[in-house]
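Take a moment with the sequence and the fold before reading on. The paragraphs below go from one residue to the whole chain and then back to details.

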Amino acid sequence: MPPSLLSLLTPLVPEHTKVMGKEWADARRAANVARLAATLSTALAGRTDITFELGCGHGHWLAAYAAAHPGEFCVGIDLITHRVERSVRKQTLGKLDNVIFLKAEATEFLEALPPAVVLRKIFILYPDPWPKKKHHKHRFIQASSLDLLAQRAAAGARLHFRTDDADYFEWTRTLLAEHTAWNLKTETTWPFEQTTFFEERMTAKRDLEAERVP
Ligand SMILES: C[S@@+](CC[C@H](N)C(=O)[O-])C[C@H]1O[C@@H](n2cnc3c(N)ncnc32)[C@H](O)[C@@H]1O
């Protein structure tokens, strides 16, 4: 079904629907992807690459980054509506025309990204660490999500990851080191400092940098 038709069907799959199950979840995901694809085809028209922040929270970091890097087009996404609204406010107040913030789930966003657009830089700052072992499966960084990011990343693209959590740091370091599409750097340079909402509440900064294997 073409995306335009699917987006017309979006209202048929309301967020509050309580009918759970795979069919429902698949339909909701397809509708989300179609809606995002429609938004992105307009917002990214004519663009070939973006700087991407996954889980932008309140947008402190990416709004400041975009202001300091007018030559890059930046996209920040987050799952939580009020965080995205705060991010959009920063974009508006700063009159920034090189950044957009969207409410989106990351794997859905990557699926919806127009084929002509690649990720040039990827930033993930203070992702939820899910500290309990039984919850590790909820961590965003998994071999499968590194696959998805690699599929949409340009050759030579950089992935920058920052966490306060020692265990999540080791987890991500190991997965990046084992992944054939990512080359984990031994020396890490954090490209731009701007304290994020969560960083203010953390005591440690642990950084990783990887390059998309050409
Ligand atoms: C701990 S917060 C950090 C926010 C921000 N980077 C900061 O440092 O202030 C993690 C954020 O990632 C978002 N997030 C988690 N999983 C996500 C996903 N699959 N797609 C998009 N955002 C996600 C959450 O909604 C949350 O706002």
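Is leucine 93 buried or exposed? Leucine 93 has 9 other C-beta atoms within 10 Å, so it is exposed. A residue counts as exposed if 12 or fewer such atoms lie within that distance. The residue belongs to helix H4. Compare its position with that of glutamate 193. The two are 100 residues apart in sequence. In space, their C-alpha atoms are 20 Å apart.

Now step back to the whole chain. This is a predicted model. The protein chain holds 7 helices and 7 strands. Their order along the sequence is α-α-β-α-β-α-β-α-β-α-β-α-β-β. The pattern opens with two helices and ends with two strands.

Next comes overall size. The C-alpha trace spans about 50 × 45 × 35 Å along its principal axes. A compact globule of 214 residues would have a radius of gyration near 17 Å. The protein chain has 17 Å, so the two agree. Of the 214 residues, 32% are buried. Take the contacts with a separation of 6 or more: 79% of them join residues 24 or more positions apart.

How is the chain divided into domains? The domain assignment gives domain 1, residues 1-43, and domain 2, residues 47-212. Their C-alpha centres lie 24 Å apart. The contact between them takes 9 residues from domain 1 and 10 residues from domain 2. On the domain 1 side, the touching residues divide into 5 nonpolar, 3 polar and 1 charged.

Helix H2 covers residues 22-43. What span should its 22 residues have? At 1.5 Å a residue, the expected value is 32 Å. The end C-alpha atoms are 31 Å apart, so the helix agrees with that estimate. Its buried residues are Ala31, Asn32, Val33, Ala34, Leu36 and Leu40. A general point helps in reading such a list. An α-helix has 3.6 residues a turn, so residues three or four places apart point the same way. In H2, Leu36 and Leu40 are among the buried residues.

After H2 comes a loop that leads to strand S1, and leucine 44 is found there. Leucine 44 has 18 other C-beta atoms within 10 Å, so it is partly exposed. Which residues does leucine 44 touch, leaving aside its neighbours within four places in sequence? They are Ile50, Pro114 and Val117. Leucine 113 also makes a useful reference point. It is 69 residues from leucine 44 in sequence, yet the C-alpha atoms of the pair are 8.9 Å apart.

Strand S1 itself runs over residues 49-54. Of its 6 residues, 5 are buried, so S1 is largely enclosed by the rest of the structure. Which strands does S1 pair with? One is S4, residues 118-125, joined to S1 by 5 bridges in a parallel arrangement. Here threonine 51 stands opposite lysine 121. Another is S2, residues 74-78, also parallel to S1, with 4 bridges. In that pairing, leucine 54 stands opposite isoleucine 77.

Further along, the pairing is antiparallel. Strand S5, residues 153-163, is joined to S7, residues 206-212, by 6 bridges. Threonine 163 has arginine 206 as its bridge partner in S7. Strand S6, residues 182-184, also runs antiparallel to S7, and 3 bridges join them. Leucine 184 has alanine 210 as its bridge partner there.

Two backbone details remain. Most residues other than glycine have a negative phi, and most peptide bonds are trans. Lysine 95 is not a glycine, yet its phi is positive, about 50 degrees. Where does lysine 95 sit? It is in the loop between helix H4 (81-93) and strand S3 (99-103). With 7 C-beta neighbours inside 10 Å, lysine 95 counts as exposed.

Tryptophan 130 also has a positive phi without being a glycine, at about 40 degrees. Its place is in the loop between S4 and helix H6 (143-152). Tryptophan 130 has 17 C-beta neighbours inside 10 Å, so it counts as partly exposed.

Technical notes. Residues are numbered from 1 along each chain as its sequence is written. This is a predicted model: local features need pLDDT of at least 70, side-chain atom pairs count only at pLDDT 80 or more; totals for chains, interfaces and linings use all residues. The radius of gyration is taken over C-alpha atoms; the globule rule is 2.2 Å times the number of residues to the power 0.38. A residue is buried if 20 or more other C-beta atoms lie within 10 Å of its own, exposed if 12 or fewer, and partly exposed in between; C-beta atoms are placed from the backbone. Two residues are in contact if their C-beta atoms, placed from the backbone, lie within 7 Å. Domain bounds come from an automatic or database domain assignment. Ala, Val, Leu, Ile, Met, Phe, Trp, Tyr, Cys and Pro count as nonpolar, Asp, Glu, Lys and Arg as charged, and the others, Gly among them, as polar. The expected span of a helix is 1.5 Å times one less than its number of residues. Two strands pair if DSSP finds at least two bridges between them.
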